[in-house]
Amino acid sequence: MRKYLLSTALLLCLYSYGQEHFAGINTSKRGGILNAVNNPAELTNLKNNYDVNIFMFSTNFANNKISFGDIVNGDNLDELIFTGSEPVNMRVNTEILGPSFAMKMNKWAFGISSAAKLNVSFVDVDVNLGDALVNSGLNSVIGAPFIQTDYNQRAVATAWGEIGLTAAREIYNDETHRFAGGITFKLLFPGSYANMSADEFSGQIVYGPGFVGLTNASANVNFAYSGSLAEGFEDTGNYTQFFAGGLNGFAADLGINYQWHEDGKDGYKINAGIAFKNLGGMTFKDDNNVDNSYRLVVPEGQYMDLTQFEDVESVEQAEEILRNSGYATIDESTKDFKVKLPSVFSAYADVKVFNHWYATGYIQQKLNDDSNNDQVTVQNIVTITPRYSKDWFEAFAPVSHNEVSGFTAGIGVRLGGFFLGSGSILSAAIGDTEQADAYLGFRFGF
């Protein structure tokens with residue numbers, strides 16, 4: 001499994017430098033397609049009749065083990081990940097918003113958007129088990145640790161594409177208050193998928209010269225894969241097959257927006273909203289589809305050699321080793337399988353403090369359990385963003401608490417339709433943070 005983790009670390013360096021995409025700019029006073037990704041009802045707040053997105057890119061990395069300094073140094077990441085006693089949690093997310101268009105017509109607004117998304121996650125991986133599989137127990141202490149967990153440990157990667165169709169409408173509008181509602185209907189294109197998990201794992205790891213063995217063990221193990229990720233972990237191109245599976249899924253975003261108008265001015269005192277996002281899922285139907293569940297039982301006094309997993313390069317290889325060990329019996333096998341999107345509830349309020357100064361509060365709460373084998377993962381997040389906002393210039397500094405990586409602080413700027421920023425660069429500069437992210441984009445209105 002060493003190559004699996006090293007190739008994941010490589011992805012972090014290539015694609016990731018946090019978790020809320022476009023932190024700070026996604027609640028910008030400018031409005032537009034990006035705000036509608038956060039809440040479809042925001043499309044009624046277009047400043048122009050038309051809004052065009054050329055390109056937007058956001059990449060996030062959050063974990064609870066290695067720091068930004070460790071990533072920059074790049075030494076022994078596979079060993080550092082499995083230190084301490086807390087289970088390993090890691091989230092890598094990349095989101096690309098491609099060509100998109102929106103228009104406003106009286107009380108209505110309509111939009112069409114395109115997106116490509118990548119999610120790579122480690123969920124509650126026991127450090128002793130992970131170290132034994134990846135590093136042959138380099139971090140192990142003297143003895144034979146016994147592991148007992150009542151949760152599902154996962155390593156999962158998902159790539160997919162989306163086409164979004166948005167409609168929003170003013171519901172009520174007077175001199176003081178305005179309400180709007182919106183919906184985005186998403187066409188989903190599953191690209192590639194790989195999941196390895198061990199639920200309710202218990203067992204003893206025994207170390208010897210050139211040997212790492214598992215005994216007195218039991219677990220419910222799942223291997224599921226589809227598309228290019230079944231073929232290998234190290235080829236980064238396997239993670240970019242976003243639209244390879246064709247149209248095979250649907251989802252929806254629902255939102256409500258409220259504005260308290262500023263008396264006699266073109267602006268607001270409060271712009272607030274709530275949204276339910278990513279309600280749906282997609283079905284993987286590739287020719288190489290596999291979704292197999294096994295019952296693993298290693299009797300006491302017998303040993304399964306874990307060093308066999310050290311250099312595997314694909315889920316198929318790992319499954320073959322388990323199947324040939326003689327300790328696993330298949331419980332369930334299916335070909336096509338459905339994967340749920342990371343459904344969340346979000347709420348926000350952008351409040352005018354004074355003149356051109358604003359402050360935004362944002363909260364994101366996941367609606368599903370990341371430990372489920374059919375689930376794309378997401379974090380719970382709370383963010384406060386002070387901002388200075390004018391028509392052609394905006395500066396903001398998001399401060400967040402993330403479920404996996406904890407405290408982060410960043411900074412961003414917008415010049416006309418161009419923007420760039422990070423939700424963690426300030427915390428990385430002040431001290432070592434366990435999150436890194438960056439984003440940029442360009443759009444224009446007319």
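**Exercise 1. State how Arg323 and Glu319 are placed relative to each other in helix 6, and classify the contact between them.**

Solution. Arg323 and Glu319 both belong to helix 6 (residues 315-324), and because they are four residues apart there, about one helical turn separates them. The model under study is a predicted one. The next step is the distance: the closest N and O atoms of Arg323 and Glu319 are 3.7 Å apart. A salt bridge requires such atoms to lie within 4 Å, and the two residues accordingly form a salt bridge. The final step concerns accessibility. Arg323 has 43% relative accessibility and is partly exposed, whereas Glu319, at 2%, is buried.

**Exercise 2. Determine which parts of the chain are tied together by the salt bridge between Lys366 and Glu403.**

Solution. Begin with the contact itself: the closest N and O atoms of Lys366 and Glu403 are 3.1 Å apart. Next, locate the partners. Lys366 is in strand 16 (residues 357-366), while Glu403 is in the loop between strand 19 (399-402) and strand 20 (406-409), so the pair ties together parts that are 37 residues apart in sequence. Lastly, Lys366 counts as buried at 16% relative accessibility, and Glu403 counts as partly exposed at 39%.

**Exercise 3. Decide whether Arg387 and Glu394 are buried or exposed.**

Solution. The two residues form a salt bridge whose closest N and O atoms are 2.8 Å apart. Buried means under 20% relative accessible area. Arg387 has 0% relative accessibility and is therefore buried. Glu394 also has a value of 0%, so Glu394 is buried.

**Exercise 4. Give the count of salt bridges, and name the residues linked in a network of them.**

Solution. The count comes to 14 salt bridges. The network links Glu95, Lys117, Glu162, Lys186 and Asp253. As general background, side chains of opposite charge can pair when their charged atoms come close.

**Exercise 5. Classify the geometry of the ring pair Phe189 and Phe243, and locate both residues.**

Solution. The count comes to 20 aromatic pairs. In the pair considered here, the ring centres of Phe189 and Phe243 are 5.3 Å apart and the planes stand at 50°, so the pair is tilted. Phe189 lies in strand 7 (residues 177-208) and Phe243 in the loop between strand 8 (211-226) and strand 9 (249-261); the pair thus links distant parts of the chain, 54 residues apart. Phe189 is buried, with a relative accessible area of 16%, and Phe243 is partly exposed at 39%.

**Exercise 6. Name the residues that ring pairs link into a cluster.**

Solution. The cluster consists of Tyr50, Phe101, Phe442, Phe444 and Phe446.

How values were computed. Residues numbered from 1 in each chain as written. Predicted model: local features only at pLDDT ≥ 70, side-chain atom pairs only at ≥ 80, totals over all residues. Heavy atoms only, no water. Salt bridge = Lys/Arg side-chain N within 4 Å of Asp/Glu carboxyl O. Helix = DSSP H or I, 4+ residues; strand = E, 2+ residues; numbered from the N terminus. Buried < 20%, exposed > 50% of the residue type's maximum accessible area, 1.4 Å probe, protein only. Phe/Tyr/Trp six-rings, centres within 6.5 Å; stacked < 30°, edge-to-face > 60°.
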